[in-house]
Amino acid sequence: MASETVSDFLISRINEWGLKRIYGYPGDGINGIIGALDRADGAVEYVQVRHEELAAFMACAHAKFTGEVGICLATSGPGAIHLLNGLYDAKMDHAGVVAIVGQQARAALGGHYQQEVDLISLFKDVAHEYVHMASTPAQVRHLVDRAIRIAKAERTVTCLIIPNDVQEMPAVEKAPRKHGTVHSGVGYSAPRVIPKDRDLRRAADVLNEGKKVAMLVGAGALGATDEVIEAAQTLGAGVAKALLGKAAIPDDVPFCTGPIGLLGSKPSWDMMTECDTLLIVGSSFPYSEFLPKEGQARGVQIDIDAKMLSIRYPTEVNLVGDSAETLRALMPLLKRKEDRSWQKKIENEMADWWKTLEARAMNDANPINPQRVFWELSPRLPDNCILSSDSGSAANWFARDLKVRRGMMASLSGNLATMGPGVPYAVSAKFAWPDRPVIALVGDGAMLMNGINCLITIAHYWKEWSDPRLIVLVLANRDLNQVTWEQRVMAGDPKYKCSQVVPEFSFARYAELLGLRGIRVETPDRIGPAWDEALSSDRPVVYEAVTDPEVPTLPPHITFEQAKHFMGSMVKGDPHLGHMIKQTFKDAIESVLPHKE
Ligand SMILES: Cc1ncc(C[n+]2csc(CCOP(=O)(O)OP(=O)(O)O)c2C)c(N)n1
Ligand SMILES: [Mg+2]
């Protein structure tokens, strides 16, 4: 189809870039673009969301789950403002997203006009690598080309602002050949980035000299599973995973110590406190207190982005490179550690830790222990499934209790740690991979924030997906639980009901109302059978688990003594004090008991 208006050209150019889906919400700031999407007749699919923030989360998840650039579309003023949180999520997790937003007509700008917001300034932080407004049709070709290429190459957010009058003008596909015009083209192919030999040798020297090597992998290692495992085997190392690197190596690898940090494992903590060498691959895991003390270990870091090097630990050798390629180039220089005792120790500790987790999951709670919901899901995870988690207590159990296997994907809002991405990430995963089962793990607070609205979108679209399985687990604990625990443990404050308790809402019944399946699980014996039902359902399911908010989200290194101490130091007056202390002790005791057969 020959492009007619600027908007028609915009859509056909997006199509030329190979991008086939836009998540959006209309408004009179983008009527021209919506009209063009209609005329394009499905060449670019339009997915209608319930709130622009959800469109941005979906575009972000599209980038995370496909490696393509995600696109979201919103109207001027309010619609554009609504995108922001989802765009920051993408920016902070290095997901390539293009935001396309409308603007009032050029002649009105600067006139305190209806819905006129200074969008260049508004997006100047989140999209600082590239935010531009089209003031004439001849700009649009290079604005689109550059916004997509920069989003992809820099793994960041870019933004195009198109005033509504420009949208309706005749397209200028080819600027005249004269001074002051720009002639751009489509296409991007990632380069091969490998450090220099000299630097690889310096890295190998550090790693070869170490006796107790710890590895930390993150999102940047997601495409380097075999290389990470091989390097760890050669170095006799253990491998801890930052949250976004959950799927980087399978959890049944015996020297994988699972998560790190506040929601980490004890073996990751012990490994970091005892290692003499640290190899970080594709991770900017933020909390340095969970890494070795400065001076304790010599460090090597691999990252595709030099900006991310040596900011959490003063690593001695900093390699700019693709994780898989760099590890492959490093391998021939590494000497296999003959002494395997360090890795063996890690493997033993990890075997013990899995037993601790099982024991914690099986502790009684009132009525359901949330850990058990995850523990029982874990062996039932379908091959190739895609997992999303929200921010909240779910992220702890997602990180610790689920054993991901090869072929699975898993993500959440890693760096912004915002509430609200769990369900929209899952929807986006279904659009990208309609034949794969998808499971979202979400708290009741996040559901009430935006998840229940997103269920309406699921109800609207699920029949288009070849495998209808999309399960939303809701931890119905009537609490903003993650923060309730943070307030108790970090500030020593009791639970302030007015701020922490969320209203009663029947998530399962609401799902049924929408034509989805709703399963409410109120007793521990129902947990497993309900997962079986959900995973064999012929339609999307809301799995509402009535869980106990007094099960602590304890940091991994808290010992029984420390637990007693912080409980003792808590101010009195928590309405749930007795039950909570009992629950905390149960979990803390599980960590210090040896789990021998
Ligand atoms: C947009 C946003 N608002 C507030 C927070 C702070 N916060 C983090 S987790 C959390 C509680 C989440 O509650 P819920 O979704 O019910 O999960 P739970 O921890 O209870 O399982 C809050 C308020 C945040 N991360 N993001
Ligand atoms: Mg909750």
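**Exercise 1.** Identify the residues that make the nonpolar surface patch of about 360 Å², and state where Leu262 lies.

*Solution.* Step 1: the patch is made by Leu262, Tyr287, Val489 and Met490. Patches consist of residues with over 30% relative accessible area and no salt bridge, nonpolar side chains (Val, Leu, Ile, Met, Phe, Trp, Tyr) being joined within 5 Å and like charges within 9 Å. Accessible areas come from the Shrake-Rupley method with a 1.4 Å probe, and for residues only the protein chains shown count as cover.

Step 2: Leu262 belongs to the loop between strand 9 (256-259) and helix 10 (266-274). Helices (H or I, at least four residues) and strands (E, at least two) are DSSP runs, numbered from the N terminus.

Step 3: with a relative accessible area of 33%, Leu262 is partly exposed. Buried means under 20%, exposed over 50%, and partly exposed in between.

The model is predicted: local features need pLDDT of at least 70, side-chain atom pairs count only at pLDDT 80 or more, and totals for chains, interfaces and linings use all residues. Residues are numbered from 1 along each chain as its sequence is written, chains are lettered from A and ligands numbered from 1 in the order in which they are written, and side-chain values use heavy atoms, without hydrogens and water.

**Exercise 2.** Determine which parts of the chain the salt bridge between Asp8 and Arg39 ties together.

*Solution.* Step 1: the two side chains meet at 2.9 Å, N to O. A salt bridge is a side-chain nitrogen of Lys or Arg within 4 Å of a carboxyl oxygen of Asp or Glu.

Step 2: because Asp8 lies in helix 1 (residues 6-16) and Arg39 in helix 2 (residues 31-39), the pair ties together parts that are 31 residues apart in sequence.

Step 3: Asp8 is buried at 2% relative accessible area, whereas Arg39 is partly exposed at 39%.

**Exercise 3.** Describe the placement of the salt bridge between Lys266 and Asp270.

*Solution.* Step 1: the closest N and O atoms are 3.1 Å apart.

Step 2: both residues lie in helix 10, four residues apart, about one turn of the helix.

Step 3: Lys266 is partly exposed at 27%, while Asp270 is buried at 13%.

**Exercise 4.** Find atoms of Ser393 and Asp479 that lie by oxygen atoms of ligand 1.

*Solution.* Step 1: a polar side-chain atom of Ser393 lies 2.5 Å from an oxygen atom of ligand 1.

Step 2: for Asp479, a backbone N or O atom lies 2.7 Å from a ligand oxygen atom.

Terms used
A polar contact is a pair of N or O atoms within 3.5 Å; within protein, one must be able to donate a hydrogen and the other to accept it, and residues adjacent in sequence count only if both atoms are side-chain atoms. Buried means under 20% relative accessible area, exposed over 50%, partly exposed in between (1.4 Å probe, protein chains only).
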